[in-house]
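Here is a set of short questions and answers for reading a protein structure. Keep the sequence and the 3D view open as you go.

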Amino acid sequence: DEWFSRGKKVPEDPGADTVDFPKRTTPAKGYELLFQPEVVRIYISLLKESKTPAILEASAGAIQNLCAGSWTYGRYIRSALRQEKGLSAIADLLTHDSERVVKAASGALRNLAVDLRNKELIGKHAIPNLVKNLPGGQQTAAKNLSEDTVVSILNTINEVIVDNLEAAKKLRETQGIEKLVLINKSGNRSEREVRAAALVLQTVWGYKELRKPLEKEGWKKSDFQVNLSNASRTQGGNSFDDSTL
């Protein structure tokens, strides 16, 4: 309890590019082993080297869980993943043939994006693959993913573009708007998918800088206006995914 509480007391600097783990006076043991920088390197190695879908899913799922929440050690893990060049390894899993791997990678990226520097990098490098996994559009046929996976991807996209104009621009450039509107208006998607897509559309329209370019492409304000319940509105920025795998 003392060690856990000590971690919570470290002041947070969301703009810091690097975060150092607290110095230990005794060897880590028990659950403390989960939050050590060497463990991060093990997970990244598994993500890069393993060809087994179950191992890839489990590794990404473990990272998702370690990064969940606003507690200080979750922040350390988010920073360590970036410093150890692990973000690209997770983003690469979005193209995997296994849906379970894709969903785990999406959940991990959502939690990692709570870190502002991670959000910027994920916006640059992962948005195209996130969009490719969405149903609809005129590009290569998307995978037939389950409702849970599509919702996870949509929530990750929203987490990445909140307070991140460049990521919202990337979403527009990669056929994302077309797919989001199609999900919202096609009539053949679930209510959860429609709500998640509508939340992303509202976030996009919230950027005044994007409205004229969008209107020039033929989009109307009504395409981005959706009535959402109060519950769905609470899914905005920093709504990390604390589900476990």
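**Inside the fold**

Q: Is N155 buried or exposed?
A: This is a predicted model, and the values are computed from it. A residue counts as buried under 20% relative accessible area. N155 has 12% relative accessibility, so N155 is buried.

Q: Which helix holds N155, and how many Å separate N155 from V200, C-alpha to C-alpha?
A: N155 sits in helix α9. In sequence, N155 and V200 are 45 residues apart. In space, their C-alpha atoms are 7.8 Å apart.

Q: How many helices does the protein chain have?
A: From the N terminus on, the elements run α-α-α-α-α-α-α-α-α-α-α-α-α-α. There are zero strands. The number of helices is 14.

Q: What percentage of the residues of the protein chain count as buried?
A: The protein chain has 245 residues. Buried means under 20% relative accessible area. The share that counts as buried is 50%.

Q: Among contacts between residues at least 6 apart in sequence, what percentage join residues at least 24 apart?
A: Start with the contacts in the protein chain between residues at least 6 apart in sequence. Then pick out those that join residues at least 24 apart. Their share is 74%.

**Aromatic pairs**

Q: How many aromatic pairs does a search of the whole structure find, and which residues form the edge-to-face pair?
A: The search finds two aromatic pairs. Planes over 60 degrees apart count as edge-to-face. One pair has 70° between the planes and 5.2 Å centre to centre, and its residues are Y73 and Y76.

Q: Why are Y73 and Y76 separated by about one helical turn?
A: Both residues lie in helix α4, residues 72-83. Because they are three residues apart in that helix, their separation is about one helical turn.

Q: Are Y73 and Y76 buried or exposed?
A: Y73 has 2% relative accessibility. Y76 has a relative accessible area of 3%. The cut-off for buried is under 20%, so Y73 and Y76 are both buried.

Q: Why does the pair of W205 and F224 count as stacked?
A: The ring centres are 4.9 Å apart, and the planes meet at 25°. Planes under 30 degrees apart count as stacked. The angle of W205 and F224 is 25°, so the pair is stacked.

Q: How many residues apart in sequence are the parts that W205 and F224 tie together?
A: W205 belongs to helix α12, residues 191-205. F224 belongs to the loop between α13 (208-216) and α14 (230-233). W205 is buried at 10% relative accessibility, and F224 is buried at 2%. The parts they tie together are 19 residues apart.

**Charges and surface**

Q: How many salt bridges are counted, and which residues are linked in a network?
A: A salt bridge needs a side-chain nitrogen of Lys or Arg within 4 Å of a carboxyl oxygen of Asp or Glu. By this rule the count is 13. The residues linked in a network are R117, E120 and K124.

Q: Which parts of the chain does the salt bridge of E84 and R41 link?
A: The closest N and O atoms of E84 and R41 are 3.2 Å apart. The two residues are 43 apart, and the pair links distant parts of the chain. E84 is partly exposed at 30%, and R41 is partly exposed at 41%. The linked parts are the loop between α4 and α5 (87-92), and helix α2.

Q: Which helices do E147 and R192 tie together?
A: Their side chains meet in a salt bridge at 2.6 Å, N to O. The parts are 45 residues apart in sequence. E147 lies in one helix and R192 in another, so the pair ties together α9 (residues 147-161) and α12.

Q: E193 and R189 meet in a salt bridge; which of them is buried, and which partly exposed?
A: The distance is 3.0 Å, N to O. R189 has a relative accessible area of 27%, so R189 is partly exposed. At 3%, the buried residue is E193.

Q: Which residues form a nonpolar patch on the surface?
A: Together these residues have about 240 Å² of accessible area. One of them is in helix α2, residues 37-49, namely I42. The patch is formed by I42, L46 and I55.

Definitions and conventions: Residues numbered from 1 in each chain as written. Predicted model: local features only at pLDDT ≥ 70, side-chain atom pairs only at ≥ 80, totals over all residues. Heavy atoms only, no water. Phe/Tyr/Trp six-rings, centres within 6.5 Å; stacked < 30°, edge-to-face > 60°. Helix = DSSP H or I, 4+ residues; strand = E, 2+ residues; numbered from the N terminus. Buried < 20%, exposed > 50% of the residue type's maximum accessible area, 1.4 Å probe, protein only. Patch = residues over 30% accessible without salt bridge, like charges linked within 9 Å, V, L, I, M, F, W, Y side chains within 5 Å. Areas by Shrake-Rupley, 256 points an atom, 1.4 Å probe, with all protein chains shown as cover. Contact = heavy atoms within 4.5 Å.
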